[in-house]
Amino acid sequence: MGLSLYLALAAYTFLGFAVAWAARKGLGRGLADFFLANRTLGGVVNALSYSATTYSAFMMVGLAGLTYRGGVGALGFELVYLSGLVLAAFFGPRFWLAAKLRGYVSPAEMLGDRYESRAVTLVAALASLLFLIPYTSVQLMGIAYLLQELSRGAVPYVAGVLWATFLALAWARVGGLRSVAWTDAFQALVMLVSSGLVVFFAVCGIGGIAAFFHGLEQNYSRWLAVPGPGFFQFSTFLGLSLPWFFFCLSNPQVSQRLFVPRSLLALRRMLRGFLLFGFIYTLISITWGFSARLLLPDLPNPDLATPTLLASPVIPPVLAILAMLGIVSAAISTMDSVLLTLSSMFARDIYALLRPGASEARQLAVGKWIIPVISGAALVFSLFRLDLIAVLAVSSSAALLVLVPATVGAFLWRRGTAKGALASILVPGILVMVLQFGNLKPLGLWPGVWALISSTLLFVAVSLVTSPPRGAEDFLDRINALLAERNVL
């Protein structure tokens, strides 16, 4: 597989750069041009880009492994995420209209403007930086381990990390979101096609679809029920699913994409396209995990299900390489989006607040400059392979739940205040990290559950005893008027 693997990586790199450079044409010089593609992307490209951004390498590795270990509960867990699209459908038009009306570049900027507080903007941006940089490093680690495993050591871990960092950095830097969106669209198609082909060959290797279901029913019937072999107890399912349900609001690299479509129609097409992509990709991932359970029943570690299945005789070597590229695509697209979102937050929400007189051109220059710094930080973390990174990666989605009450309150509760928003982010953010690092689960509830409960209570309680911003009424009235004008509920 050695020469074929190198040729595939070279072809993937070349095609990715070709797409990125082609998408660069017409790139403007403003912040919105670079970080939001000037808010002009259509529904199809946006849907593919949104899909590639959301589904990292851990969909095919993590969800397949979760299915291998716990059974059909993994399907319910992932469907909870798709059901969370009701939040994107409801808040998406509000995000889009607010950004169109006020010129927002980042979700943190939107929160700060709504609550009339620079501190809210700064704290939201810093929280995103704290929790997403380690998550970015885990994408690099996943790529490096996969390349090392499939090449049987021919591609060393460090080489894999450096190659992935170079691609993510270059594609983000070449043309901002426009280049990333087009490379994401290319990568999303690679993800879907390659994973679908692997599942087809895996099921054929079992004996066909009838033999697939018969084998599960006869040998792994417990895996077809909840809690299955015991993994998906209610507390575990809730702890895993809650951050997933609110993912589109809590993760800024995802919520920022709601600013990007050229129109509300394009936004709706983006969400519909993502729903279709996500449903298909979820079924593929679940089937992948069950196929590994039937073909490779005695793996010591469920996370080995994907690389071991790809290296098995059932999967043709060429297809294994293509599938590997699909997983790599998922990780790099996620990293690209995180890099752009965090660099836009640093430029717009941190640097601009510390330097109030900085021009937009200067902010853009700082945003471009910080991309290599953020990717370098992720690279350093991944090279050390610290257990700390794994802990932070697991806790990131749970910790980001602290942004949800202030975000929801920004559009639905006129009484919400800046002090309430600050309290709801700072105190629960510290709490969830203490619980995560201490491996503590009070009353059997996971840290993410406590994060959302404490954040909501603090936001409401502190807001009730403090004064709301004077412009809140005008902000919400204007958004609601625009929604009514466009017949959006």
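Two residues are said to be in contact when heavy atoms of one lie within 4.5 Å of heavy atoms of the other. In this predicted model, and leaving aside neighbours within four places in sequence, Tyr 55 is in contact with Glu 78, Tyr 81, Leu 82, Met 191, Phe 274, Phe 277, Gly 278, Tyr 281, Thr 282, Ala 330 and Thr 334. Tyr 55 also belongs to the largest nonpolar core, which holds 166 residues, and it is listed with Tyr 115, Trp 163, Trp 288 and Met 324 as the members that touch the most other members. The largest share of this core, 21 residues, is supplied by helix α9, which covers residues 157-206.

Among the contacts of Tyr 55 are Glu 78, Tyr 81 and Leu 82, and these three residues are buried in helix α5, which runs over residues 73-83. Gly 73, Ala 74, Phe 77 and Val 80 of the helix are buried as well. An α-helix has 3.6 residues a turn, so residues three or four places apart point the same way. The buried residues of α5 pack against α3 (43-54), α4 (59-70), α6, α11 (234-245), α12 (247-250) and α14.

Helices α6 and α14 appear again in the second largest pocket, where each of them supplies at least two residues of the lining. This pocket contains about 180 Å³ of space, and its lining is made up of Leu 85, Ala 88, Ala 89, Pro 93, Leu 264, Leu 267, Arg 268, Leu 271, Arg 272 and Leu 275. Helix α14, spanning residues 264-295, gives the most to the lining, with 6 residues. When the lining is sorted by class, 8 residues are nonpolar and 2 are charged, while no polar residue is found.

The backbone was also examined for less common geometry. Most residues other than glycine have a negative phi, and most peptide bonds are trans. In the loop between α2 (31-36) and α3, Asn 38 has a positive phi of about 60° although it is not a glycine. Arg 39, found in the loop between α2 and α3, likewise has a positive phi, near 55°, in a residue other than glycine. With a relative accessible area of 36%, Asn 38 is partly exposed, whereas Arg 39, at 12%, is buried, because a residue counts as buried when this value is under 20%. A cis peptide bond, with omega of about 10°, joins Val 226 and Pro 227, and Pro 227 lies in the loop between α10 (209-219) and α11.

Methods
Residues are numbered from 1 along each chain as its sequence is written. This is a predicted model: local features need pLDDT of at least 70, side-chain atom pairs count only at pLDDT 80 or more; totals for chains, interfaces and linings use all residues. Side-chain values use heavy atoms; hydrogens and water are left out. On a 1 Å grid over the protein atoms alone, a cavity is a set of points where a 1.4 Å probe fits but cannot get out, and a pocket is an open set with protein on both sides within 12 Å along at least five of seven lines; lining residues have an atom within 4 Å of a point. Grid points are joined across faces, edges and corners, and a volume is the space filled by probe spheres set on the points. Helices (H or I, at least four residues) and strands (E, at least two) are DSSP runs, numbered from the N terminus. Ala, Val, Leu, Ile, Met, Phe, Trp, Tyr, Cys and Pro count as nonpolar, Asp, Glu, Lys and Arg as charged, and the others, Gly among them, as polar. A nonpolar core is a set of buried Ala, Val, Leu, Ile, Met, Phe, Trp, Tyr and Cys residues joined through side-chain atoms within 4.5 Å. Buried means under 20% relative accessible area, exposed over 50%, partly exposed in between (1.4 Å probe, protein chains only).
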